Amino acid sequence: MLLAAVFVLSAAAIACEILLMRLFSIVAWHHFAYMIISLALLGYGISGSIIAFAREWLLRRFRLVIATCCAGFTLLTVASFALAQILPFNPLEIYWDMAQLAWLAAIYLCLALPFLCAATAIGLALSQAGQGVGKVYFADLLGAGTGAPAIIAAMFWLPPEQCLKLVAAAGLVAAALILLRKPRRVMPAIGVLLVGIALALPWPAPWLEPRISPYKGLPQTLALPGMALVADRPSPLGHVSVVEAREVPLRHAPGLSLAATMPIPDQVGLFIDGDALTAITRFDGDTAPLAFLDQQIAALPYHLLVAPEVLVLGAGGGADVLRALYHGAKRVDAVELNSRIAELVRGRYGDFSGNLYDRPEVQLHVAEARAFLAHSRKQYDLIQISLLDSFAAAAAGLYALNESTLYTVEAIAAMLRRLKPAGLISITRWLKNPPRDNVRLFATAVAALKAQGVKRPGKRLALIRSWDTVTLLVANDPIPAEAIGRVRAFADRRGFDPVFFDGISDAEVNKRNVLARPFLYEAAVALLGPEAAAFTKAYAYDISPTTDDRPYFFHTLKLGQLKTILSATGPGRATLIEWGYVVLWATLAQAVIASVLLILLPLKTLSRAPAAGGARLRTLIYFAALGFGFLFLEIAFMQRFTLYLGHPLYAVAVVLSAFLIFAGAGSRTSAWLAARLGAVFSLRLAVAALIALALAYLALFPALPATAVGAGVAWLRVLFAVALIAPLAFAMGFPFPLGLAALDARAAHLVPWAWGINGCASVISAALATLLAIEFGFTTVVLAAAGFYVVAAMTFRGGAVPPPSIRIWETTKLPRLLSRFW
């Protein structure tokens, strides 16, 4: 029953981790996901120190301690989140209130408590397993690989706070399994289970309901008179909150001309994770009341096209689809990732929206944008993307850690391939000052056009701005002079500022919505000139083109500029910093400090026990390298497979599960192979295989999204992804159990310390891998992981398994051995 208990507890622990990611995306912002991964694993680091200090005492009370830890997991899973919500942490206040860093550390430690319980139980099971450590590690990884997709599926039907109660109850299931060792303990175990579930489930709902930051859009909207929250739709892709206006009208028309005078029809607000707003507009089939849509900056491309066939990426509540219908679009394909939004527009608000997504000229696709572009073979006159993030979060730099593969060189190239010869891409974004991401978008478009062989990209680009938004046009052919005239007329009649198009003069820019300098115009001219590289390097922010390998479009802060920005004065200085990036650095600093302390603290106790010379140093290097290497590969491959699988949830569920389950299979096999080939040779063979596969996949990834394998058939893509991951993950499952088995044979008292070192390395690597990807790209993360595995292979000394039954050079026996095993 021990292995079953480890399986259940590991599944519950990773489910809790994923739930905390979702809850903090609702409470605050997405960048907390990386902090949650780190703090979850901090519990594993602490558990190693605790077991190292009290190993003999804990082993004498083995099952009682594990059962207690399982029960503690149940209690602390819900209690720690409820407590974390009370703590007054706000990432937006870090700049002027350094006490927020202390509150961040408090949350970090508070939420680590349930994982401390789970890690202590699993670590203790590994400590007593001896040469059977592979079986325990297999149960651990198999449980985690099962728990990840299970909780993602549950979040489609239950709010995350209700899922948290169910996960907490799983801890009592594990405790009951531990107590079922003997038949006479069946009834007490059942009693413990029932009592535990009774305690876990009835927590008052207000204690666990997410308390959304008052700086997010939903609380600010609900503070207005007559605003009512009428519905919630849970989804792991984004919790959708529906707001109706009962007194003050809800009006959402970003980029609207200040000269517009026409009324806006009634609207219903949809907030995703309490912030990003999209609106459902009342529509009865008559397009006349939709005239306001022509006064928004996103209407520009319709003044250059006649009866276009349109693709809308990120359709949301349908504003861009209505705009297309108002301008006489022949056909509209609307792509929306969140199925809950599509259900609301089609279902509850079907009559209100005029059954917009069921009209004959409109076809709705619930899909991820890049996947749709890769697998669709249709051609369009216009591809439109409008304001897919909230203004407040964008202005605060809270999207700095978000990967966005929709604004990369490869993404724009994919859109260009889906355009008809005279087609247009239209991208509307918020305007930030000083300009950063808009300049980067322009640079990315220039790079994409050059990658297509375009010699003079400036002839295919047009850029205009309002006081708070910017629209960029990227054309498949040079924009003719007559069309440039229409751009001028559109901007002039609505009070917008032209920024760039072929033939623009200095006198035309920065005349209406006046800035201190025409920054965007100057940047556009420089990026198209011979000194573009020098301009990019000298610019205050990072405006280099984003790629699929480095898809952090919203991250523009240069480390070299941080000191200058921090020393700035004035009320606008806070907008110069990307706060998500600051929080990530703060998390890394705290993770390093905590990990160093947790690794050093047990050394005094461990030094009293005999150990071979250098054993402690080799243990530190080996298990730290494994912690860094495993998580680096896991994070990098999860991101890269997102493009192929076509859905971020598939990437988490499929990639994470495949890595864990097949790594568990490798762990289960490690002792068998080591007994025949020797531990050292087995480990080096596994490391060589995983490095070769990882490097081969780096070469494969650029072509993977467009591959025909599984095109249009989701389950075929899933199977293909699993087939690619399986051999890599299988090889990754060897080093850890081989290392623990070798350590158990030579210095068993170091096993819990090794468990803690591995956990601490994982704490640091979660934040460090993200920083490396932001600064250098995911290829660097994979190469760094390969380096860590090389270090581990060079450090390993073996000696934990029986002598090899064949000599290493007798390679003719290896195929027969492997064929016998399979």
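User: Leaving aside neighbours within four places in sequence, which residues is Arg 465 in contact with?

Analyst: In this predicted model, the contacts of Arg 465 are counted without its neighbours within four places in sequence. Arg 465 itself has its place in strand 10, residues 461–465. Its contacts are Ile 297, Leu 431, Val 470, Phe 496, Asp 497, Val 499, Asn 510, Asn 513, Val 514, Leu 515 and Leu 520.

User: Does Arg 465 count as buried or exposed?

Analyst: Buried means under 20% relative accessible area. Arg 465 has 4% relative accessibility, and therefore counts as buried.

User: What is the distance from the side chain of Arg 465 to the backbone oxygen of Asn 513?

Analyst: Two polar partners of the Arg 465 side chain may be described here. With the side chain of Asn 510, Arg 465 makes a polar contact of 2.8 Å. The backbone oxygen of Asn 513 is reached by the side chain of Arg 465 at 2.5 Å.

User: How many residues apart in sequence are the parts tied together by the pair of Tyr 137 and Phe 736?

Analyst: The structure holds 23 aromatic pairs. One of them joins Tyr 137 and Phe 736, a tilted pair with 4.6 Å centre to centre and 35 degrees between the planes. Because Tyr 137 lies in helix 7 (residues 133–154) and Phe 736 in helix 28 (residues 735–747), the pair ties together parts whose separation in sequence is 599 residues.

User: What is the relative accessible area of Phe 736?

Analyst: Both rings of this pair belong to buried residues. Tyr 137 counts as buried at 10% relative accessibility. Phe 736 is buried as well, and its relative accessible area is 4%.

User: Which term describes the pair of rings formed by Phe 442 and Phe 500?

Analyst: The pair links distant parts of the chain, with Phe 442 in helix 17 (residues 437–451) and Phe 500 in strand 12 (residues 497–500), 58 residues apart. Phe 442 and Phe 500 are buried. Their ring centres are 5.7 Å apart and their planes stand at 80 degrees, so the pair is edge-to-face.

User: Which residues form one aromatic cluster with Tyr 137 and Phe 736?

Analyst: Tyr 137 and Phe 736 form an aromatic pair, and both also belong to one aromatic cluster. The other members of that cluster are Tyr 44, Tyr 622, Phe 623, Trp 755 and Phe 796.

User: Over which ring does the charged end of Arg 340 sit?

Analyst: Arginines also lie over aromatic rings in this model, including Arg 429, which is over the face of Tyr 407 at 5.2 Å from the ring centre. The charged end of Arg 340 is 5.6 Å from the centre of the ring it sits over, that of Trp 157.

Technical notes. Residues are numbered from 1 along each chain as its sequence is written. This is a predicted model: local features need pLDDT of at least 70, side-chain atom pairs count only at pLDDT 80 or more; totals for chains, interfaces and linings use all residues. Side-chain values use heavy atoms; hydrogens and water are left out. Helices (H or I, at least four residues) and strands (E, at least two) are DSSP runs, numbered from the N terminus. Buried means under 20% relative accessible area, exposed over 50%, partly exposed in between (1.4 Å probe, protein chains only). A polar contact is a pair of N or O atoms within 3.5 Å; within protein, one must be able to donate a hydrogen and the other to accept it, and residues adjacent in sequence count only if both atoms are side-chain atoms. Contact means heavy atoms within 4.5 Å. Rings of Phe, Tyr and Trp (its six-membered ring) pair if their centres lie within 6.5 Å; planes under 30 degrees apart count as stacked, over 60 as edge-to-face and the rest as tilted. A charge sits over a ring if NZ of Lys or CZ of Arg is within 6 Å of the ring centre and within 35 degrees of the ring normal.
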